[in-house]
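Reader: Before I rely on any of these coordinates, I would like to go through the structure with you by question and answer. Could you begin with the interior and then move outward?

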Amino acid sequence: MKENSKLKGKKSSWSHEADFRIRNRKWLGYSSQVARRLLAAIDGTENMSQRVLADKIDVSVQYINKVLKGQENLTLKTIAQLSEAVGQELISFPAYKLSRAGAETVVPTPRTYWAGMTAIGVMWGATIAAGNSELTLTSDQEAGTNLYHTLINSSAMTLLPNPVGGAPGGRVVSSDLPK
Amino acid sequence: MKFRRIFVEKGDCRLWSSIGALQGFSKPVDVFKNLFDQWNDTAYLYQFFQAYAADLADPFWRGMSIDEAIDQVRQEALDFEIELRNMDTGHPAYGPEALSNIFQFFDKDMYLLQGNNLHHKKAKPDLQDSMIRIYAAEFDGAYIVTGGLLKLTKQLTPDAAAFEKAKMKRVLQYLKSEKVYSRLDLDTI
């Protein structure tokens, strides 16, 4: 047998990285969910690329690349900036005890508000074409808002479908953590 | 050719990674670490499953979406990492034989007695219909990881199987040529 050398410099860094992934699996799962929605948004939007996205929110392409790997601990501010840049919501919030009964997932942002108004415009048989819905709102915004919430609560609208398809969220982890 | 310890808690390491040249990398890569990097990389998985959407559409996967496939690989990788870290850190649920239980023969029975085939091994997570596969050359009771992949088809293509076997053979032949016969000497290479 050859003389055994010191272990220093001979270890794979995997164990260190695995421990990090195990400890931080919850938010890494969230980060992956955001990443794949961004990837789908970039794929599905004309003239959108990692470079364009980086320029829009004033970060480097390298940073966007890391975000798309699903390994960045994103701030809410960054998520909001990314969301505005791609014109899509990237996260949603579950209903809670003060929500309307039956509500599932609501993101109370101007974007979904206007989307709701588009639907209302169609339902009312408005004379303007759907898609120009912002023009319809000034007449009776309060009634429109109420109808919008009715639509949301009756699940008439599906908010934030996963663009890649399938149910959001991962499977439950049942394994024991390492000591 | 170089090797790195995957298990780091004890002097006598039974799980090793080979350091090899991989496409897209300018420097030799820690093969085992790279596999788990890929399986935790959402952009990589997104592109992989788009490229292999036809395989994912096979009835075997019961209509699994790309989104669900990404979730599955991430979950398999996490479960596998937890299992391997538990083995390394001496979790009481994992005895000394745990590693040899997860590494199975790479070849089917009819090919086992040919050449070094007995030393060609494969491992997968302890889950039904798992996608993750890790390939390793068995050497003196240790496993040297030489490759891995996401398996979406029932059988590996002959080219893919030959490619993985060639890497295992190369490692074993190299150790023989260097007159290394003990896993305790892998540190010195």
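Reader: Which residues touch the most other members of the largest nonpolar core, and which helix gives the largest share of this core?
Author: This is a predicted model, and its largest nonpolar core holds 60 residues. Those that touch the most other members are A:Leu38, B:Trp16, B:Val73, B:Ala136, B:Tyr143, B:Ile144 and B:Val145. The largest share of this core, 10 residues, comes from helix α4 (residues 66–88) of chain B.

Reader: Leaving aside neighbours within four places in sequence, with which residues is B:Trp16 in contact?
Author: B:Trp16 is one of the residues that touch the most other core members. Once the neighbours within four places in sequence are left aside, its contacts include B:Phe3, B:Arg4, B:Arg5 and B:Ile6. The remaining partners of B:Trp16 are B:Ala142, B:Tyr143, B:Ile144, B:Val145 and B:Leu186.

Reader: Where do the buried residues of α4(A) lie around the helix axis, and against which elements do they pack?
Author: The buried residues of helix α4 (residues 61–68) of chain A are A:Ile64, A:Val67 and A:Leu68. Seen down the axis of α4(A), they fall within an arc of 95°, so they line one face of the helix. In general, an α-helix has 3.6 residues a turn, so residues three or four places apart point the same way. The buried residues of α4(A) pack against α2 (25–44) and α3 (50–57) of chain A, together with α2 of chain B.

Reader: Which residue just after α4(A) takes a positive phi?
Author: The backbone just after α4(A) has a phi of about 75° at one residue. The residue with this positive phi is A:Gly70.

Reader: Which way do the residues of strand β5 of chain B point, and are they buried or exposed?
Author: In a regular strand the side chains alternate between the two faces of the sheet. In β5 (residues 120–123) of chain B, B:His120 and B:Lys122 point one way, whereas B:Lys121 and B:Ala123 point the other way. As for burial, all of these residues are buried.

Reader: Over how many bridges does β5(B) pair with β4 and with β6 of chain B?
Author: Strand β4 (residues 103–105) of chain B pairs with β5(B) in the antiparallel sense, over three bridges, and B:Phe103 has B:Ala123 as its bridge partner. With strand β6 (residues 132–139) of chain B, β5(B) also pairs in the antiparallel sense, and here B:Lys122 stands opposite B:Tyr135. The number of bridges is thus three for β4 with β5(B) and four for β5(B) with β6.

Reader: How far apart in space are B:Ser100 and B:Gly141?
Author: B:Ser100 lies in helix α5 (residues 98–102) of chain B and is partly exposed, with 13 other C-beta atoms within 10 Å. Although B:Ser100 and B:Gly141 are 41 residues apart in sequence, their C-alpha to C-alpha separation is 8.2 Å.

Reader: What radius of gyration does chain B have, and why does it agree with a compact globule?
Author: Chain B has six helices and seven strands, and 43% of its 189 residues count as buried. Because a compact globule of 189 residues would have a radius of gyration near 16 Å, the value for chain B agrees with that expectation, being 17 Å.

Reader: Which element of chain B has the lowest mean pLDDT, and what ipTM does the predictor give the complex?
Author: Chain B has a mean pLDDT of 91, with 96% of its residues at 70 or more. Among its elements, helix α2 (residues 42–51) has the highest mean pLDDT (98), while the lowest (91) belongs to α5(B). For the complex, the predictor gives a pTM of 0.77 and an ipTM of 0.92.

Note on methods. Residues are numbered from 1 along each chain as its sequence is written. Chains are lettered from A and ligands numbered from 1 in the order in which they are written. This is a predicted model: local features need pLDDT of at least 70, side-chain atom pairs count only at pLDDT 80 or more; totals for chains, interfaces and linings use all residues. Helices (H or I, at least four residues) and strands (E, at least two) are DSSP runs, numbered from the N terminus. The radius of gyration is taken over C-alpha atoms; the globule rule is 2.2 Å times the number of residues to the power 0.38. A residue is buried if 20 or more other C-beta atoms lie within 10 Å of its own, exposed if 12 or fewer, and partly exposed in between; C-beta atoms are placed from the backbone. Two strands pair if DSSP finds at least two bridges between them. pLDDT is the predictor's confidence in each residue, from 0 to 100. The arc is that of the directions from the helix axis to the C-beta atoms. Two residues are in contact if their C-beta atoms, placed from the backbone, lie within 7 Å. A nonpolar core is a set of buried Ala, Val, Leu, Ile, Met, Phe, Trp, Tyr and Cys residues joined through C-beta atoms within 7 Å.
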